[in-house]
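Please open the model in your viewer, with the chains coloured separately, and follow the stops below in order. Each stop says what to select and what can be found there.

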Amino acid sequence: MVRESMEFDVVIVGAGPSGLSAACRLMQQANETEQELTVCVVEKGSEIGAHILSGAVIETRALDELFPDWKGMGAPLNTPVTEDQIFMLRNEEASIKVSNILVPKTMHNHGNYIVSLGNLCRWLGEQAEQLGVEIFPGFAAAEVLYNDDGSVKGIATGDMGISEAGEQKDSYIPGMELHAKYTILSEGCRGHLGKELIENFDLAAEADAQHYGVGIKELWDIAPENHKPGLVLHGSGWPLSDGASGGFFLYHTDDNQVVVGLIVDLNYSNPYTSPFDEFQSMKHHPVLKQYLEGGKRVSYGARAITKGGFNSLPRMTFPGGIVTGCNAGTLNFSKIKGTHTAMKSGTLAAEAIFEALQNGCEGGQELQSFTDKFESSWLYDELFRSRNFGPALHKFGPILGGGFNFIDQNLFCGKIPVTLHDDKEDYEQMLPASECKPIDYLKPDGELSFDKLSSVFLSNTNHEEDQPIHLKLKDETIPLNRNLPQYAEPAQRYCPAGVYEVIEEGQEKRFQINSQNCLHCKTCDIKDPAQNIRWVVPEGMGGPNYPNM
Amino acid sequence: MKVLVTVKRVIDYNVKVRVKSDNTDVDLANVKMALNPFCEIAVEEAVRLKEAGTADEVVVVSIGPKACQEQIRTALALGADRGIQIETEEAPESLGVAKLLAKVIEEEQPGLVIMGKQAIDSDNNQTGQMLAALTDMPQGTFASEVKIDGDNVNVTREVDGGLQTVALNMPAIVTTDLRLNEPRYASLPNIMKAKRKPLDVKSPADLGVELKAHTKLLKVTPPAERQAGIKVASVDELVEKLKNEAKVI
């Protein structure tokens, strides 16, 4: 069956901060110059914001540029940061509060806001629609389309109504081809089309290996007497051990809610590490427990982040389009912030594309002008200054690496004349299970800590039952024949949604993929030591339905 | 023939419903809303009648604040032709809804009205029946099959213990049950087209209806949480526990 097609000037994949900023900026320019411009955004979530999960403390720099009057326009930035606290958790009881003087200044949050990034995206979506952007939630971009000359022609949305066996159901409708002069890929971390383009055009040829973390987050209603709007807690240490690193956050937002989460670096080596259980244990530490105790968990979710930074950043342009935001890896690890950088990369893409179209460009070009704009922007400067932050922590550990970062950020403003590299892929770090000790995690108490299934339940995740499994194994024998004996199949533990299970039935073992639980975090695509799992988009609408996450 | 379909904006069925901490109502802040699934089935049925040539226009109506236009647009994307929003701040009670709809019917003169049997938020299952009484139209509720036969509509109803088929003179009111059809996905071009389809906004005053509250919501409480189960070692222990702890045998 021939697919129908629609033509646009620009097609944007993913309605996150980067894609929506690009969409808004494109139409702003078109409206200012009274030019006809057609911009379309496709989003796999059931609505804008449904798949958005972030801390989030954001810096408003990019938003200030995009909508200088965002306050007057009612952008949902309601809680300014009032106080920063940083803790080193030493064990299950003890902690050290780090003096602000010793903190790299990139970690100070004065002037920043605690937001729900989901709600910010919903607001950006409204602005984009008012500016004339066509946004289609519930439609997943499933494939990249190429012109005969190899340049990107757009994307195709996935077919709907295919059964698990691959047959067309009554509800079948074929995907649509969305052709564009330029395509922006803003799928977020490890977007499956962005990944394909980075590989196909060898965009990462000159970059270090990319690095990732998986962030697990919960939203809590807490007792009003424990609530301190604007208070921001960060920290590291316990219970992470045995080669695993990461950091926690706890932000007091409005309405007696706090968000609490843990980002575990995905370069951990012990295959028995379970980021989910680390997080659940961590909430029992007095530093966090003091706020959560007596509260009620409202929502749960997880999402991988791209954190390699400057050294790992691929070329972002390819013939016919641009990869932006976390899809490329613009997050600033030294600030633990990616929203303002993602937004900026989106607006820069919009400016380069609009300029090209205005000059009569028919599309399909590789836009050097984007790279020029990027390299002369504050975004580039910011990423350059923080290029050593992650590698220093990876190489020297949190204490010495933290010391290096303090000197680099506070004394040299990030311009220390050395560049540290960390060129080993996260998935290559895994050690054989035989060389590691199983980790005995705390049993959930149902008050502060919970099991995986009741957690996934709170993500409101749902996938149409009868559809092909969207977690593709390149080789179906690897989980049981290789990963299980060598690494005790770590997918059972790194997946924060309990998608992967090894089930024993008598003497037989079976590898089960509960794809319906999937939170679209992409950790499996990143961390599988055999790189055997490929995450592809399920039917549109599927996945989590996050509220104000 | 014109078909009138009613749609309601409700909390999405995938969302875990939470009660506000002061027990005044369900918490709708930051919650995903969607088209009531039974209403979606009603839209699908009407669109199928249009595709079969039996109906020539499908009109959707919804009652609520401006946000419910989103659900009207969803129905238009599924194939309805035009929309009517009756703007109210609060969600009116079933009787208020039925009175408003009765006025719409008076204006629109549809040959058939298709409604969901109930909305998944309040689960009242009243409006269709009340509307039938107010308009003096025959009703076929809980429909699992709808067949137009000249001036009649034959409705197969899901009743306790089986199926019942009733023949109604049109104009008539049909309320849908789950098995009537499986709604289609809206296609991308149809979603675009839906943005340009006509949508009228009216107020209850335009229709000459004054909304009154006849009931008062006192308290909303979540169901008691289920206690964790235990594993028993033997049949004897099970029997013992059923007898002495649960006291069910």
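Begin where the two chains meet: the contact takes 24 residues from chain A and 17 residues from chain B, two residues being in contact if their C-beta atoms, placed from the backbone, lie within 7 Å. This is a predicted model, in which local features need pLDDT of at least 70 and side-chain atom pairs count only at pLDDT 80 or more, while totals for chains, interfaces and linings use all residues. Residues are numbered from 1 along each chain as its sequence is written, and chains are lettered from A and ligands numbered from 1 in the order in which they are written.

On the side of chain A that touches chain B, select β8 (134-137), β11 (160-162) and β12 (168-173), each of which supplies at least two residues; helices (H or I, at least four residues) and strands (E, at least two) are DSSP runs, numbered from the N terminus. The largest share of this side, three residues, comes from β12(A). By kind, the side of chain A that touches chain B divides into 11 nonpolar, nine polar and four charged residues, where Ala, Val, Leu, Ile, Met, Phe, Trp, Tyr, Cys and Pro count as nonpolar, Asp, Glu, Lys and Arg as charged, and the others, Gly among them, as polar. For the complex, the predictor gives an ipTM of 0.86 and a pTM of 0.93.

Next, show chain B alone, which has six helices and 11 strands and whose C-alpha trace spans about 70 × 40 × 40 Å along its principal axes. Of its 249 residues, 37% are buried, that is, have 20 or more other C-beta atoms within 10 Å of their own, with C-beta atoms placed from the backbone. The average pLDDT of chain B is 95, and 100% of the residues score at least 70, on a scale of the predictor's confidence in each residue from 0 to 100.

Return to chain A and select the open sheet of seven strands, in the order β6-β5-β15-β16-β17-β14-β18, whose pairing is mixed; two strands pair if DSSP finds at least two bridges between them. Its edge strands are β6 and β18 (296-306), each pairing on one side only. At one edge, β5 (residues 83-89) and β6 (residues 95-98) of chain A pair in the antiparallel sense over four bridges, and a hairpin of five residues joins β5(A) to β6(A). Within this pair, Phe87(A) has Lys97(A) as its bridge partner.

Further into the sheet, β16 (residues 246-252) and β17 (residues 257-265) of chain A are antiparallel over seven bridges, with Gly247(A) partnered by Ile263(A) in β17(A). Now add helix α5 (residues 275-282) of chain A, which packs on the sheet, touching β14 (212-221), β16 and β17 of chain A, and whose direction makes about 135° with that of β17(A); axes are lines fitted to C-alpha atoms, for helices over the stretch in contact, and angles run from 0 to 180 degrees between N-to-C directions.

For a pair of helices, select α1 (residues 17-32) and α8 (residues 339-358) of chain A, which pack at an angle of about 35° with their axes 7 Å apart. Their contact includes Leu26(A) of α1(A) and Phe354(A) of α8(A), and its residues divide into nine nonpolar, eight polar and two charged.

Finish at β22 (residues 500-505) and β23 (residues 508-513) of chain A, antiparallel strands joined by six bridges. Glu505(A) stands opposite Glu508(A) in β23(A), and in the hairpin, which has two residues between the strands, Gly506(A) in the turn has a positive phi of about 65°.

Definitions and conventions: Buried ≥ 20, exposed ≤ 12 C-beta atoms within 10 Å, placed from the backbone.
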